[in-house]
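Open the model in your viewer and keep the sequence panel beside it. This tour goes from stop to stop, with something to select at each one.

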Amino acid sequence: GSSLASAVLDLGARRARGSSSDHPVFVAMWEQGANTMHRHGGPCHVLDASSWKRCRTAWPGDFQAKLHACGNVVGLDMEWVPDRCPQHNHKVALMQLAVGDTVWLIRTCQIGLPQVVRDMLGKDSVTKVVAAFDSSDKEKLEISFGLRFDAEPESYGFLDISKLAQESGITRRGVKKLAERYGYHIEKNPKVSTSNWASPDLSKEQQQYAADDAYFSLLVATELLDEEALKKSLPNLRRVASQRLMAIKPALQAALHSEDCTARNAARSAFWEDLCEAVLVACEQSGHTTLAHARIGALQDATGAPFSKVATKVGVSLTKKSLQEQHTYFAVVNRQDQALVRARTAAERSPPSLEEAGLPWVSDKKGALEQWLGLQPAGHLDDVQLSGRLRLLGRWLESRGEDASAKSISAIAQMSDSKSLHAVAADLRMSAPSEAVTHQDLNEVSRLTGTSLDTHMAGADPTHMPPEPAQEKRAALDPARSVSFRGIPLEWTERDFVGWVSTLLAEADVLAGWHVAPAKKGKGKRKALAMFKEPATAERILMQPELCLLGFAIGVEPPSTHSMLIAQGQTRGSSNFLRSTAEQQCNMQLSTLRR
């Protein structure tokens, strides 16, 4: 056993010393800048049946004093025995509380919920930082301790980092992914997360896992509240939480423990690469493109050792979730209640070129996809591999903080679930409006005919144009300063929309013009177009594909020519028919002039 582990570590070390061409730049989780792993290294106390007998009198006062000294902010998480079927509904077995540099692990399955903690949970004056605090967490608190939180969690002082991430346009919102975004690499073993949290004693791995969840929630919240998309418009709870977290950041950083894992990570990377090759060989021999997940552990490496045994030696898991996390090497799908694993070929997981990464994935999906397909080596990738490579590009861009491009690529990749990417590109071409008029086209008509742009946008006859309205909102819209919003609630008035934009930017006088589409019967949402006084404001908003504020998720995109024409038509008081006629006249005139 020890010789096998040594051999694997030696292999990892050799590959670590090798050239960069020895393995793909699309690296797995363990190679993504994670050679330094982080964990909570401050004081960690377990309150169980044994220790509670000794400290139940003094601990409540000690806890309150520590909480007060740390600005009344606490990282909170809970664990329970996994509910493996619908009939299961286990109570909370462990509650983790991170206050400054210290973490307490309260074994509620043994001592219940201390009254001081119960009181704290109900106080909105105490900021409780949580991750993905959803209906299941509320249900667990109710069935476990009789605590009900029916209103918005923030009204009770709960600050959800997953919600903050969503409002910032960040796609992956778990503690681990958010921590990686800010340079903290933590280990979350799936076997530990689904272990028995009500066992008589917690293992060291369970204690570290539980402490990390609560502690890193605080560190991540500190960084999230400093995101540009959030800090310009912070409600009172978040503003206070930001101030409190910044005050205790030195204490949080002091409890951060770092560990050099270069050799270990190299061994694990070598393991995943060898397993990937073994799955490819097994699939080629069987004539199938996938392999049942249940057969993975029985495959053998070059020395004849089963991968299940090698995995134990290098400290990795072969569960379905673990393989899903190794998305560089594997794609896992479920079919007929069976998990199937597809290994990625070297061509599929080869590094992206600068051209691929620099395509306009947000502003021009169709054009970007067509160019990207043209960059792929002919004959080397089938439809499934092409889709997989595109998804890897999206993940790579996301890891670089380019969330808008990653989200756009994800939307394209989802369209390829039932058809090839070439078919998706064809559909996008067909869906482009045949009568769309670009601003370059309108400018060309103006240049060739000597007429003004406004004449073409309002109709062919300038003598029949109504006078310009006096309201500022009716100003001519400039695309460089404009943003298109989709998903506007039907009940919103123009005043509601303007107020929403002002709240979003924390400024009252930023709009130079706007147009809100009228509500239509049978439509659940509608669009709006806004022009800002400064181009930089529009550029800042367009960095996020979606904005969440006041309970509404509003999509954001650059204004299309069609929406600009509609807004300008509204400005001139023309009807939908007149605007459509104007577009047709522009197209016909442009076509004639070009001929």
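Contact here means heavy atoms within 4.5 Å. Angles run from 0 to 180 degrees between N-to-C directions. Keep both in mind when a helix lies across strands. One more thing before you start: this is a predicted model.

**The whole chain**

Show the protein chain as a cartoon. It holds 26 helices and 16 strands. Now colour by burial. Of the 595 residues, 48% count as buried. Take the contacts between residues at least 6 apart in sequence: 70% of them join residues at least 24 apart.

**The sheet**

Next, find the open sheet. In what order do its six strands run? The order is 2-5-4-3-6-7, and the pairing is mixed. Strands of a sheet pair through backbone hydrogen bonds, either parallel or antiparallel.

Select residues 44-47 and then 158-160. These are strand 2 and strand 7, at the edges of the sheet. Each has a single partner strand, so one side of each is left without a neighbour in the sheet. Look along the sheet next. Neighbouring strands are turned by 25° against each other on average, direction ignored.

Now pick strand 3, residues 73-80, and strand 4, residues 92-99. They pair in the antiparallel sense over six bridges. Click on E79. Which residue of strand 4 is its bridge partner? The partner is L94.

**Helices across the sheet**

Add helix 3, residues 59-69. Helix 3 lies across strands 2, 3, 4 and 5. Against strand 5 (102-106), helix 3 runs at about 140°.

Add helix 6, residues 135-145. Helix 6 lies across strand 3 and strand 4, and runs at about 110° to strand 4.

**Two loop residues**

Most residues other than glycine have a negative phi. The next two stops go the other way.

Select N72. This residue sits in the loop between helix 3 and strand 3. N72 is not a glycine, yet its phi is positive, about 55°. Is N72 buried, partly exposed or exposed? Its relative accessibility is 22%, so N72 counts as partly exposed.

Move to A132, in the loop between strand 6 (127-130) and helix 6. A132 also is a residue other than glycine with a positive phi, near 55°. With a relative accessible area of 39%, A132 is partly exposed.

**A helix pair**

Leave the sheet and select helix 10, residues 204-224, with helix 12, residues 236-254. Their axes are 10 Å apart, and the two helices pack at an angle of about 135°. Angles over 145 degrees would count as roughly antiparallel, and 65 to 115 as roughly perpendicular. Helix 10 and helix 12 are therefore oblique to each other. Helix 10 passes helix 12 in a left-handed crossing.

Show the side chains where they meet. From helix 10, pick Y215, L218, L219, A221, T222 and E223. From helix 12, pick L245, M246, K249, L252 and Q253. By class, this contact has seven nonpolar, two polar and two charged residues.

**Last stop: D403**

Select D403 in helix 19, residues 403-415. Is D403 buried or exposed? D403 counts as buried, because its relative accessibility is 7% and buried means under 20%. Now show what D403 touches. Leaving out residues up to four places away in sequence, D403 touches G169, I170, T171, R181 and E398.

Note on methods: Residues are numbered from 1 along each chain as its sequence is written. This is a predicted model: local features need pLDDT of at least 70, side-chain atom pairs count only at pLDDT 80 or more; totals for chains, interfaces and linings use all residues. Side-chain values use heavy atoms; hydrogens and water are left out. Helices (H or I, at least four residues) and strands (E, at least two) are DSSP runs, numbered from the N terminus. Angles under 35 degrees count as roughly parallel, over 145 as roughly antiparallel, 65 to 115 as roughly perpendicular and the rest as oblique. A crossing is left-handed if the near helix is turned anticlockwise from the far one by less than a right angle, and right-handed if clockwise. Ala, Val, Leu, Ile, Met, Phe, Trp, Tyr, Cys and Pro count as nonpolar, Asp, Glu, Lys and Arg as charged, and the others, Gly among them, as polar. Two strands pair if DSSP finds at least two bridges between them. Buried means under 20% relative accessible area, exposed over 50%, partly exposed in between (1.4 Å probe, protein chains only).
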